[in-house]
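Visitor: I am new to reading protein models, and I would like to learn how to go through one feature at a time. Could you show me the structure and then take me through it?

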Amino acid sequence: MIVITLTKTPPALRGDLTRWCQEIQTGVYVGDVSARVRDKLWDRVQTNIGNGEATLVYNTNNEQGYAFKTTRKSRQVIDLDGMLFVKHVVNQETVDHGFSNAAKFHKAHKAERMRASAVAAKQKEFVAVDIETTGLNTEIDQILSIGAVKHDGTEYYRLIKQDVDVPKQIVELTGITPAILKKEGVPLQDALGELADFVGDMPIVGYNFRFDSAFLNRDYRKFGMQELRNEIKDLLPVVKRKEKFLDNYKLQTVLSNYGIENKMPHNAVSDARATKELAIKLIKNRILVI
């Protein structure tokens, strides 16, 4: 049996825990899981806790019959001859532990490593690409819009002048109507050429990009243009490997899990912008390498 208490944690983490435990009171979860699942849940809590706090209590074969772990900065778990106790840490934030020269050197070296890591992440050059279409079938459906955003925030967006009927559900989802395409759209061949110039030889990042590339390369072939030959980094399988407990892997669910806001879902450039932010977070967390 395990008991997990959470305070000030992201809603996505709470949702994950309810798949394994029962929330008997706000922030208090009780479950009966194996040691393996328990350890994975605690790893999950530590990874996604954000600025919140958590404590885990579970039964074990020691003299007390239970053990516990906590992320609370004001508490410290102490093991005294096999007996676990909680030590209250007083004024932890005001205590300076770096008096010695060695401690100061270690602190400075750690800060330098963090700065170097941040700089390295900023220097990763890539471009996030997203499209909106009339449907999912590459045999009959057409591209409605193309959005792309470089790592430095430079953006490209085009509506495509297509003489097609846009299904009602697509209009409701994207806000794109035939009238808008006729008024603001550009020929698809022009947009594909502009996209190729905008992307250049940089790696392309996308979310479920197999879908996007299927449409794009189909139309590049249609106009006798060179298909995209860039290195592709699809974030969907990367997230699936890392996040085992999400309810689903829709882009909006994943963005919410990583604390990324997408103000205009199903808008190509807005989705590309959010995908770029997701890629940067995955790079900084050393989950994605570009």
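Guide: Let us begin with the pocket, and keep in mind throughout that this is a predicted model. The largest share of the lining of the largest pocket, four residues, is supplied by β8.

Visitor: Which elements each supply at least two residues of that lining?

Guide: They are β8 (127-133), α4 (168-174), α7 (209-222) and α9 (251-257). The lining of the largest pocket has 21 residues in total, and those that lie nearest the centre are Asp-130, Glu-132, Phe-211, His-266 and Asp-271.

Visitor: How much space lies in the largest pocket, and how do the residues of its lining divide into nonpolar, polar and charged?

Guide: The space in the largest pocket comes to about 580 Å³. As for the lining, 10 of its residues are nonpolar, six are polar and five are charged.

Visitor: Phe-211 was named among the residues nearest the pocket centre, and I would like to know how one reads aromatic rings.

Guide: The general idea is that a pair of aromatic rings is described by the distance of the centres and the angle of the planes. Searching the whole structure gives four aromatic pairs. In the pair formed by Phe-211 and Phe-215, the ring centres are 5.0 Å apart and the planes stand at 55 degrees, so this pair is tilted, since planes under 30 degrees apart would count as stacked and planes over 60 as edge-to-face.

Visitor: Where do Phe-211 and Phe-215 lie, and is Phe-215 buried or exposed?

Guide: Both Phe-211 and Phe-215 belong to helix α7, where they are four residues apart, which is about one turn of the helix. Phe-215 has a relative accessibility of 0% and therefore counts as buried, while Phe-211, with a relative accessible area of 22%, is partly exposed. The cut-off to remember here is that buried means under 20% relative accessible area.

Visitor: What can sit over the ring of Tyr-58?

Guide: The charged end of Arg-38 sits over the ring of Tyr-58, at 4.0 Å from the centre of that ring. Another such case is Lys-150, which lies over the face of Phe-198, 4.7 Å from the ring centre.

Visitor: How should I read a nonpolar core?

Guide: In soluble globular proteins, nonpolar side chains tend to be buried together. Here the largest nonpolar core has 22 residues, and the ones that touch the most other members are Val-127, Val-129, Ile-146, Leu-195 and Leu-216. Two or more residues of this core come from each of β8, β9 (143-150), α6 (188-199) and α7, and α6 gives the largest share, six residues.

Visitor: My last topic is the backbone, so which value of phi does Lys-8 have?

Guide: Phi of Lys-8 is near 55 degrees, which is a positive value in a residue other than glycine. Lys-8 is placed in the loop between β1 (2-7) and α1 (11-17), and its relative accessible area of 75% makes it exposed. Asn-208 also has a phi near 55 degrees, again a positive value in a residue other than glycine. The loop that holds Asn-208 runs between β11 (204-206) and α7, and Asn-208 counts as partly exposed at 31% relative accessibility.

Visitor: Where is the place of Met-225?

Guide: Met-225 is in the loop between α7 and β12 (232-234), and with 25% relative accessibility it counts as partly exposed. Although Met-225 and Ala-196 are 29 residues apart along the chain, their C-alpha atoms are separated by 9.9 Å.

How values were computed: Residues numbered from 1 in each chain as written. Predicted model: local features only at pLDDT ≥ 70, side-chain atom pairs only at ≥ 80, totals over all residues. Heavy atoms only, no water. 1 Å grid on protein atoms, 1.4 Å probe; cavity = no way out; pocket = protein on both sides within 12 Å on 5 of 7 lines; lining within 4 Å. Points joined across faces, edges and corners; volume = space filled by probe spheres on them. Nonpolar A, V, L, I, M, F, W, Y, C, P; charged D, E, K, R; others polar. Phe/Tyr/Trp six-rings, centres within 6.5 Å; stacked < 30°, edge-to-face > 60°. Buried < 20%, exposed > 50% of the residue type's maximum accessible area, 1.4 Å probe, protein only. Lys NZ or Arg CZ within 6 Å of the ring centre and 35° of its normal. Core = buried A, V, L, I, M, F, W, Y, C linked by side-chain atoms within 4.5 Å.
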